[in-house]
Amino acid sequence: MYYPLKFKPLYKDYIWGGRKFENLGKILPDGIAAESWEISSHPDGTSIVLEGEHKGKKLDELVTEYGSELLGTALYKGKETKFPLLIKFIDANRDLSVQVHPDDEYAHINENGELGKNEMWYVVDAVPGSKLVLGVKDGITQNIFKKAVEDGNISDCLHYVEIKPGDCYNIPAGLIHAIGAGSLICEIQQNSNTTYRVYDYDRTDDKGNKRPLHIEKALDVIDFEIGEGKNTCGLTPKVEDFSRTYLVANEYFAVELMKFSGIVNENTDGERFHCYTVLAGAIEINGTVTERGHSCLVPASAGAYVISGNAQVIKSYVPDLEKNIYAPLESEGFTREQIDNVTN
(Lines give C-alpha, C1' and ligand atoms only; values in the text may rest on other atoms or scores of the structure.)
Protein backbone atom coordinates (compact mmCIF):
# COMPACT_ATOMS: atom_id res chain seq x y z
CA MET A 1 0.00 0.00 0.00
CA TYR A 2 2.14 2.85 -1.32
CA TYR A 3 -0.06 5.18 -3.36
CA PRO A 4 -2.11 8.07 -1.92
CA LEU A 5 -5.78 7.32 -1.43
CA LYS A 6 -8.46 9.69 -2.68
CA PHE A 7 -12.07 9.35 -1.59
CA LYS A 8 -15.56 10.31 -2.71
CA PRO A 9 -16.80 13.29 -0.71
CA LEU A 10 -19.67 12.47 1.65
CA TYR A 11 -22.14 15.36 1.68
CA LYS A 12 -24.38 16.13 4.67
CA ASP A 13 -27.54 18.19 4.07
CA TYR A 14 -27.98 19.75 7.52
CA ILE A 15 -30.43 22.65 7.60
CA TRP A 16 -27.76 25.36 7.89
CA GLY A 17 -25.85 24.41 4.71
CA GLY A 18 -25.60 26.08 1.31
CA ARG A 19 -23.83 25.70 -2.05
CA LYS A 20 -20.45 27.29 -1.32
CA PHE A 21 -18.52 24.05 -1.93
CA GLU A 22 -19.00 24.81 -5.63
CA ASN A 23 -16.47 27.61 -5.10
CA LEU A 24 -13.94 24.86 -4.28
CA GLY A 25 -14.62 23.14 -7.57
CA LYS A 26 -16.88 20.45 -6.13
CA ILE A 27 -19.80 19.09 -8.15
CA LEU A 28 -22.69 19.01 -5.71
CA PRO A 29 -25.92 17.04 -5.68
CA ASP A 30 -29.19 18.96 -5.73
CA GLY A 31 -30.17 20.81 -2.58
CA ILE A 32 -27.93 22.06 0.20
CA ALA A 33 -24.56 20.70 1.28
CA ALA A 34 -23.62 21.63 4.83
CA GLU A 35 -20.57 19.39 5.25
CA SER A 36 -18.25 17.53 2.92
CA TRP A 37 -16.64 14.65 4.78
CA GLU A 38 -13.33 14.25 3.00
CA ILE A 39 -11.69 11.43 4.95
CA SER A 40 -13.73 9.45 7.46
CA SER A 41 -14.29 5.96 8.79
CA HIS A 42 -17.08 6.92 11.18
CA PRO A 43 -20.27 4.81 11.03
CA ASP A 44 -22.26 7.96 10.20
CA GLY A 45 -20.23 8.32 7.01
CA THR A 46 -17.40 6.09 5.78
CA SER A 47 -15.15 7.20 2.93
CA ILE A 48 -14.99 5.10 -0.24
CA VAL A 49 -11.81 5.03 -2.35
CA LEU A 50 -12.27 6.90 -5.61
CA GLU A 51 -9.63 5.35 -7.88
CA GLY A 52 -6.73 2.93 -8.21
CA GLU A 53 -6.20 -0.59 -6.94
CA HIS A 54 -8.53 -0.12 -3.96
CA LYS A 55 -11.33 1.67 -5.83
CA GLY A 56 -14.70 1.05 -4.19
CA LYS A 57 -13.31 -0.10 -0.84
CA LYS A 58 -14.28 1.62 2.40
CA LEU A 59 -11.65 3.21 4.60
CA ASP A 60 -12.54 1.05 7.60
CA GLU A 61 -12.10 -2.05 5.42
CA LEU A 62 -8.62 -0.88 4.46
CA VAL A 63 -7.72 -0.27 8.11
CA THR A 64 -8.76 -3.85 8.90
CA GLU A 65 -6.94 -5.28 5.89
CA TYR A 66 -3.71 -3.32 6.04
CA GLY A 67 -3.39 -2.27 9.70
CA SER A 68 0.01 -0.73 10.33
CA GLU A 69 0.76 -0.38 6.60
CA LEU A 70 -2.02 2.20 6.43
CA LEU A 71 -2.06 3.73 9.90
CA GLY A 72 1.61 3.32 10.84
CA THR A 73 3.59 1.32 13.34
CA ALA A 74 3.16 4.03 15.97
CA LEU A 75 -0.64 4.16 15.65
CA TYR A 76 -1.81 0.63 14.92
CA LYS A 77 -2.66 -1.16 18.17
CA GLY A 78 -4.36 -4.29 16.84
CA LYS A 79 -7.57 -5.17 15.05
CA GLU A 80 -9.73 -2.87 17.22
CA THR A 81 -7.78 0.24 16.12
CA LYS A 82 -9.99 2.94 14.57
CA PHE A 83 -8.90 5.45 11.99
CA PRO A 84 -8.37 8.39 14.37
CA LEU A 85 -9.29 11.47 12.31
CA LEU A 86 -12.26 12.93 10.49
CA ILE A 87 -11.50 15.63 7.93
CA LYS A 88 -14.27 17.82 6.53
CA PHE A 89 -15.30 21.12 4.96
CA ILE A 90 -18.16 23.08 6.53
CA ASP A 91 -20.37 25.54 4.62
CA ALA A 92 -22.16 27.68 7.19
CA ASN A 93 -24.77 29.36 5.03
CA ARG A 94 -26.69 29.92 8.27
CA ASP A 95 -25.58 29.92 11.90
CA LEU A 96 -24.68 26.54 13.37
CA SER A 97 -26.11 25.62 16.74
CA VAL A 98 -24.33 26.66 19.93
CA GLN A 99 -22.77 23.38 21.02
CA VAL A 100 -20.06 21.53 22.89
CA HIS A 101 -18.32 18.16 22.57
CA PRO A 102 -17.30 15.66 25.26
CA ASP A 103 -13.82 14.30 25.92
CA ASP A 104 -12.87 10.64 25.46
CA GLU A 105 -13.74 9.56 28.98
CA TYR A 106 -17.23 11.09 29.02
CA ALA A 107 -18.06 9.92 25.50
CA HIS A 108 -16.89 6.38 26.18
CA ILE A 109 -19.17 6.11 29.22
CA ASN A 110 -22.20 8.01 27.90
CA GLU A 111 -22.09 7.44 24.12
CA ASN A 112 -21.56 3.69 23.78
CA GLY A 113 -17.80 3.75 23.50
CA GLU A 114 -17.63 6.72 21.10
CA LEU A 115 -14.48 8.82 21.04
CA GLY A 116 -14.50 12.36 22.36
CA LYS A 117 -14.30 15.24 19.94
CA ASN A 118 -11.40 17.63 19.95
CA GLU A 119 -11.29 19.65 16.73
CA MET A 120 -9.73 22.64 14.99
CA TRP A 121 -10.96 25.08 12.36
CA TYR A 122 -9.12 26.78 9.53
CA VAL A 123 -11.13 29.60 7.94
CA VAL A 124 -11.01 29.11 4.17
CA ASP A 125 -13.44 31.92 3.39
CA ALA A 126 -15.67 34.31 5.32
CA VAL A 127 -17.87 37.20 4.31
CA PRO A 128 -17.10 40.46 6.13
CA GLY A 129 -18.64 40.43 9.59
CA SER A 130 -18.74 36.63 9.95
CA LYS A 131 -18.39 35.53 13.56
CA LEU A 132 -17.76 32.51 15.73
CA VAL A 133 -18.85 31.68 19.23
CA LEU A 134 -15.63 30.74 20.99
CA GLY A 135 -16.14 29.94 24.65
CA VAL A 136 -17.92 31.87 27.37
CA LYS A 137 -17.10 35.33 28.63
CA ASP A 138 -14.62 35.49 31.48
CA GLY A 139 -16.35 35.07 34.83
CA ILE A 140 -19.25 32.96 33.56
CA THR A 141 -19.83 29.97 35.85
CA GLN A 142 -21.95 26.87 35.39
CA ASN A 143 -24.71 28.33 37.58
CA ILE A 144 -24.77 31.63 35.69
CA PHE A 145 -24.83 29.80 32.37
CA LYS A 146 -27.58 27.39 33.45
CA LYS A 147 -29.76 30.30 34.57
CA ALA A 148 -29.15 32.07 31.24
CA VAL A 149 -30.24 28.96 29.34
CA GLU A 150 -33.42 28.74 31.43
CA ASP A 151 -34.17 32.44 30.87
CA GLY A 152 -33.37 32.41 27.16
CA ASN A 153 -30.43 34.80 27.58
CA ILE A 154 -27.60 32.49 26.52
CA SER A 155 -26.11 35.02 24.11
CA ASP A 156 -25.21 37.27 27.05
CA CYS A 157 -22.77 34.58 28.23
CA LEU A 158 -21.04 33.83 24.94
CA HIS A 159 -17.72 35.12 23.64
CA TYR A 160 -17.94 36.18 19.97
CA VAL A 161 -15.02 36.75 17.60
CA GLU A 162 -15.06 38.20 14.10
CA ILE A 163 -13.16 36.09 11.58
CA LYS A 164 -11.39 36.41 8.25
CA PRO A 165 -9.82 33.93 5.79
CA GLY A 166 -6.63 32.39 7.17
CA ASP A 167 -7.70 32.45 10.81
CA CYS A 168 -7.26 29.26 12.82
CA TYR A 169 -8.92 28.11 16.03
CA ASN A 170 -8.30 25.17 18.32
CA ILE A 171 -11.55 23.77 19.75
CA PRO A 172 -10.77 21.39 22.61
CA ALA A 173 -13.46 19.16 24.08
CA GLY A 174 -15.38 21.20 26.64
CA LEU A 175 -15.16 24.54 24.81
CA ILE A 176 -18.62 25.79 23.87
CA HIS A 177 -18.65 27.07 20.29
CA ALA A 178 -20.61 27.83 17.13
CA ILE A 179 -19.78 28.72 13.53
CA GLY A 180 -21.56 31.80 12.29
CA ALA A 181 -23.25 32.33 8.94
CA GLY A 182 -21.12 33.27 5.94
CA SER A 183 -18.05 31.15 6.65
CA LEU A 184 -16.37 28.21 4.92
CA ILE A 185 -14.27 26.11 7.28
CA CYS A 186 -11.82 23.24 6.99
CA GLU A 187 -12.14 21.12 10.12
CA ILE A 188 -9.76 18.48 11.45
CA GLN A 189 -11.19 16.47 14.33
CA GLN A 190 -11.19 13.21 16.19
CA ASN A 191 -13.17 10.38 14.63
CA SER A 192 -16.40 11.25 16.44
CA ASN A 193 -19.83 12.65 15.64
CA THR A 194 -21.04 13.44 19.15
CA THR A 195 -22.46 16.94 19.57
CA TYR A 196 -24.41 18.40 22.49
CA ARG A 197 -26.56 21.31 21.33
CA VAL A 198 -27.31 24.07 23.81
CA TYR A 199 -29.20 26.46 21.54
CA ASP A 200 -30.45 26.15 17.95
CA TYR A 201 -32.33 29.45 17.37
CA ASP A 202 -35.70 27.64 17.67
CA ARG A 203 -35.31 26.45 14.08
CA THR A 204 -37.38 23.68 12.53
CA ASP A 205 -36.59 21.23 9.75
CA ASP A 206 -38.66 20.78 6.58
CA LYS A 207 -41.14 18.71 8.60
CA GLY A 208 -41.60 21.38 11.23
CA ASN A 209 -39.57 19.58 13.88
CA LYS A 210 -37.04 21.28 16.12
CA ARG A 211 -33.67 19.60 16.42
CA PRO A 212 -33.09 18.11 19.89
CA LEU A 213 -31.08 19.95 22.52
CA HIS A 214 -28.81 18.23 25.05
CA ILE A 215 -28.70 20.71 27.94
CA GLU A 216 -27.94 18.26 30.76
CA LYS A 217 -25.04 16.58 28.99
CA ALA A 218 -23.73 19.93 27.77
CA LEU A 219 -23.63 21.28 31.31
CA ASP A 220 -21.74 18.14 32.32
CA VAL A 221 -18.97 18.69 29.80
CA ILE A 222 -18.58 22.47 29.32
CA ASP A 223 -15.26 23.51 30.80
CA PHE A 224 -15.94 26.94 32.27
CA GLU A 225 -12.29 27.27 33.27
CA ILE A 226 -11.32 27.66 29.60
CA GLY A 227 -13.23 30.91 29.36
CA GLU A 228 -12.69 32.70 26.05
CA GLY A 229 -11.07 30.86 23.13
CA LYS A 230 -8.50 32.52 20.91
CA ASN A 231 -7.13 32.70 17.39
CA THR A 232 -4.16 30.37 16.87
CA CYS A 233 -1.66 32.20 14.67
CA GLY A 234 0.78 29.29 14.46
CA LEU A 235 4.57 29.11 14.37
CA THR A 236 6.56 29.32 11.13
CA PRO A 237 10.25 28.32 11.09
CA LYS A 238 12.31 30.64 8.90
CA VAL A 239 14.80 28.11 7.53
CA GLU A 240 12.40 26.26 5.24
CA ASP A 241 12.71 26.76 1.48
CA PHE A 242 8.93 26.92 1.54
CA SER A 243 6.35 28.03 4.10
CA ARG A 244 5.33 25.56 6.81
CA THR A 245 3.23 26.89 9.70
CA TYR A 246 2.49 24.65 12.68
CA LEU A 247 -1.10 25.61 13.52
CA VAL A 248 -2.31 23.14 16.15
CA ALA A 249 -0.65 20.18 17.86
CA ASN A 250 -1.91 17.91 20.60
CA GLU A 251 -2.13 14.19 21.33
CA TYR A 252 -5.06 13.82 18.93
CA PHE A 253 -3.80 15.58 15.81
CA ALA A 254 -1.27 17.99 14.39
CA VAL A 255 -2.16 20.43 11.64
CA GLU A 256 0.27 22.31 9.43
CA LEU A 257 -0.38 24.90 6.73
CA MET A 258 2.03 24.42 3.82
CA LYS A 259 2.56 26.85 0.94
CA PHE A 260 4.99 25.91 -1.81
CA SER A 261 5.84 26.02 -5.48
CA GLY A 262 8.02 23.17 -6.67
CA ILE A 263 9.00 20.08 -4.72
CA VAL A 264 8.73 19.23 -1.02
CA ASN A 265 10.21 16.10 0.55
CA GLU A 266 8.18 14.40 3.28
CA ASN A 267 8.52 11.10 5.16
CA THR A 268 6.06 9.01 7.13
CA ASP A 269 8.97 6.93 8.52
CA GLY A 270 6.48 4.08 8.40
CA GLU A 271 5.15 5.35 11.72
CA ARG A 272 2.05 7.40 10.87
CA PHE A 273 -0.15 8.28 7.89
CA HIS A 274 -0.32 11.82 6.48
CA CYS A 275 -3.41 13.59 5.10
CA TYR A 276 -3.46 16.54 2.73
CA THR A 277 -6.38 18.86 2.02
CA VAL A 278 -5.77 21.22 -0.89
CA LEU A 279 -6.95 24.79 -0.37
CA ALA A 280 -5.41 26.30 -3.52
CA GLY A 281 -3.68 24.87 -6.58
CA ALA A 282 -3.00 21.16 -6.90
CA ILE A 283 -0.45 18.62 -5.69
CA GLU A 284 0.99 15.38 -7.05
CA ILE A 285 2.26 12.58 -4.82
CA ASN A 286 3.58 9.34 -6.31
CA GLY A 287 1.58 9.92 -9.49
CA THR A 288 -1.67 10.83 -7.75
CA VAL A 289 -2.98 14.35 -8.39
CA THR A 290 -5.19 16.04 -5.79
CA GLU A 291 -6.84 19.29 -6.77
CA ARG A 292 -8.29 22.24 -4.89
CA GLY A 293 -11.12 21.32 -2.56
CA HIS A 294 -10.11 17.67 -2.29
CA SER A 295 -8.05 15.53 0.07
CA CYS A 296 -5.77 12.51 -0.02
CA LEU A 297 -4.33 10.08 2.50
CA VAL A 298 -0.70 8.97 2.27
CA PRO A 299 -0.38 5.52 3.90
CA ALA A 300 2.37 5.11 6.47
CA SER A 301 4.02 2.47 4.32
CA ALA A 302 4.83 5.11 1.70
CA GLY A 303 7.95 6.11 3.70
CA ALA A 304 9.86 8.91 1.96
CA TYR A 305 7.82 10.67 -0.73
CA VAL A 306 7.81 13.85 -2.79
CA ILE A 307 5.02 16.42 -3.12
CA SER A 308 5.14 18.56 -6.24
CA GLY A 309 2.94 21.43 -7.31
CA ASN A 310 2.04 25.05 -6.75
CA ALA A 311 -0.31 24.84 -3.81
CA GLN A 312 -1.54 25.75 -0.38
CA VAL A 313 -2.47 22.68 1.66
CA ILE A 314 -3.51 21.58 5.13
CA LYS A 315 -1.42 18.64 6.34
CA SER A 316 -2.90 16.64 9.22
CA TYR A 317 -1.67 13.62 11.13
CA VAL A 318 -1.44 12.12 14.61
CA PRO A 319 1.93 13.28 15.95
CA ASP A 320 4.70 12.14 18.18
CA LEU A 321 4.80 15.50 19.94
CA GLU A 322 8.47 15.27 20.88
CA LYS A 323 9.69 14.16 17.46
CA ASN A 324 7.27 15.93 15.11
CA ILE A 325 6.53 19.18 16.97
CA TYR A 326 8.91 20.09 19.79
CA ALA A 327 12.15 18.95 18.14
CA PRO A 328 11.81 20.86 14.83
CA LEU A 329 10.48 24.01 16.49
CA GLU A 330 12.99 24.05 19.36
CA SER A 331 15.79 23.61 16.82
CA GLU A 332 14.65 26.93 15.30
CA GLY A 333 14.75 28.75 18.63
CA PHE A 334 11.15 28.46 19.81
CA THR A 335 10.69 27.67 23.49
CA ARG A 336 8.32 25.02 24.82
CA GLU A 337 6.20 27.74 26.36
CA GLN A 338 5.88 29.46 22.98
CA ILE A 339 5.02 26.19 21.29
CA ASP A 340 2.40 25.26 23.88
CA ASN A 341 0.85 28.74 23.94
CA VAL A 342 0.38 28.80 20.18
CA THR A 343 -0.39 25.23 19.16
CA ASN A 344 -2.51 24.00 22.09
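Me: Before we start, what counts as oblique for two helix axes?

Reply: Angles under 35 degrees count as roughly parallel, over 145 as roughly antiparallel, 65 to 115 as roughly perpendicular, and the rest as oblique. The axes are lines fitted to C-alpha atoms, for helices over the stretch in contact, with angles running from 0 to 180 degrees between N-to-C directions. The model here is predicted, so local features need pLDDT of at least 70 and side-chain atom pairs count only at pLDDT 80 or more, while totals for chains, interfaces and linings use all residues. Residues are numbered from 1 along each chain as its sequence is written, and side-chain values use heavy atoms, with hydrogens and water left out.

Me: OK, so why are α6 and α7 called oblique?

Reply: They pack at an angle of about 125 degrees, with their axes 10 Å apart. Set that against the cut-offs and the two helices are therefore oblique to each other. The contact (heavy atoms within 4.5 Å) is made by E322, I325, Y326, L329 and E330 of α6 and R336, I339 and D340 of α7.

Me: What makes N324, I325, Y326 and L329 sit on the same side of α6?

Reply: First, these residues of α6 are buried, where buried means under 20% relative accessible area, exposed over 50% and partly exposed in between (1.4 Å probe, protein chains only). They cover an arc of only 150 degrees around the axis, which puts them on the same side of α6. The arc is that of the directions from the helix axis to the C-beta atoms. They pack against β15, β16, β20 and α7.

Me: How do you know that the buried residues of α7 line one face?

Reply: I339, V342 and T343 are the ones buried in α7. Seen down the axis, they fall within an arc of 80 degrees, so they line one face of the helix. Their cover includes β15 and α6.

Me: And what makes the buried residues of α1 line one face?

Reply: Here the buried set is L59, L62, V63 and Y66. They fall within an arc of 105 degrees seen down the axis of α1, so they line one face too. Among the elements covering them are β3, α2 and β19.

Me: Why is T81 called buried?

Reply: T81 has 16% relative accessibility, so T81 counts as buried. T81 lies in the loop between α2 and β6. Leaving aside neighbours within four places in sequence, T81 is in contact with V63, L71, L75 and Y76.

Me: What makes the T81 side chain a partner in polar contacts?

Reply: A polar contact is a pair of N or O atoms within 3.5 Å; within protein, one must be able to donate a hydrogen and the other to accept it, and residues adjacent in sequence count only if both atoms are side-chain atoms. The backbone nitrogen of K77 lies 2.8 Å from a polar atom of the T81 side chain, and that side chain reaches the backbone oxygen of G78 at 2.7 Å.

Me: Is T290 buried or exposed?

Reply: Buried, because T290 has 0% relative accessibility. T290 is in strand β18.

Me: Why is N112 called exposed?

Reply: N112 has a relative accessible area of 82%, so N112 is exposed. N112 lies in the loop between α3 and β8, and its phi is near 55 degrees, a positive value in a residue other than glycine.

Me: How do you know that D202 is exposed?

Reply: D202 counts as exposed at 53% relative accessibility. D202 lies in the loop between β14 and α5.

Technical notes. Helix = DSSP H or I, 4+ residues; strand = E, 2+ residues; numbered from the N terminus.
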